Amino acid sequence: LSLVADYDLLKDLNDPLGKEFSKDNRADSSLRKKLRMRNDSILAHGISPVAKDDALELKAHLEGYMTISYPDWPKLNDSIRFPKLHI
């Protein structure tokens with residue numbers, strides 16, 4: 001399944017993460033624009049660079065999703081972070 005189809009399935013299964021993604025996945029949404037940017041980047045399928053600010057915005061948005069599935073995500077994330085990584 002594609003990324004979007006995965007979340008559509010979760011929504012159909014009444015999963016909170018699928019519901020949230022469904023609300024965010026409008027054609028004009030900032031999430032969709034950022035996912036398109038990521039897909040076109042060297043991090044995925046393309047060769048375009050990604051600006052640091054754009055990457056950090058996408059990271060923050062995705063961390064919101066992580067908190068839906070893992071309420072302790074902020075604490076867990078801090079515990080697994082490399083000590084010298086400050087992003």
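**Exercise 1. Place I47 in the chain, and decide whether I47 is buried or exposed.**

Step 1. I47 sits in the loop between helix 3 and helix 4. Helices are DSSP runs of H or I with at least four residues, strands are runs of E with at least two, and both are numbered from the N terminus.

Step 2. The relative accessibility of I47 is 77%, so I47 counts as exposed. The classes are buried (under 20% relative accessible area), exposed (over 50%) and partly exposed in between, with a 1.4 Å probe and protein chains only.

Step 3. Setting aside neighbours within four places in sequence, I47 contacts D40, S41 and I42. Contact means heavy atoms within 4.5 Å.

A note on the source: this is a predicted model, where local features need pLDDT of at least 70, side-chain atom pairs count only at pLDDT 80 or more, and totals for chains, interfaces and linings use all residues. Residues are numbered from 1 along each chain as its sequence is written, and side-chain values use heavy atoms, with hydrogens and water left out.

**Exercise 2. Describe the setting of N25.**

Step 1. Locate N25: the loop between helix 2 (16–24) and helix 3 (30–39).

Step 2. N25 counts as buried because its relative accessibility is 14%.

Step 3. Beyond residues up to four places away in sequence, N25 touches V4 and R32.

Step 4. With R32 there is also a side-chain polar contact of 3.2 Å. Such a contact is a pair of N or O atoms within 3.5 Å; within protein, one must be able to donate a hydrogen and the other to accept it, and residues adjacent in sequence count only if both atoms are side-chain atoms.

**Exercise 3. Find what lines the largest pocket.**

Step 1. The largest pocket holds about 350 Å³ of space. Its lining has 17 residues, and L3, L35, R38, N39 and L58 are the closest to its centre. A pocket is an open set of points on a 1 Å grid over the protein atoms alone, where a 1.4 Å probe fits, with protein on both sides within 12 Å along at least five of seven lines; lining residues have an atom within 4 Å of a point. Points are joined across faces, edges and corners, and the volume is the space filled by probe spheres set on them.

Step 2. Helix 1 (3–12), helix 3 and helix 4 (52–69) each give at least two lining residues. Helix 3 gives the largest share, 6 residues.

Step 3. Sort the lining by class: 12 nonpolar, 2 polar and 3 charged residues. Ala, Val, Leu, Ile, Met, Phe, Trp, Tyr, Cys and Pro are nonpolar; Asp, Glu, Lys and Arg are charged; the others, Gly among them, are polar.

Step 4. Look at L3, in helix 1. Its relative accessible area is 44%, so L3 is partly exposed.

**Exercise 4. Trace the aromatic pairs.**

Step 1. The count is 3 aromatic pairs. Rings of Phe, Tyr and Trp (its six-membered ring) pair if their centres lie within 6.5 Å; planes under 30 degrees apart are stacked, over 60 edge-to-face, the rest tilted.

Step 2. Y7 and F21 are stacked, at 4.2 Å centre to centre and 20° between the planes. Y7 is in helix 1 and F21 in helix 2, so the pair ties together parts 14 residues apart in sequence.

Step 3. Both Y7 and F21 are buried. Y7, F21 and Y65 form one aromatic cluster.
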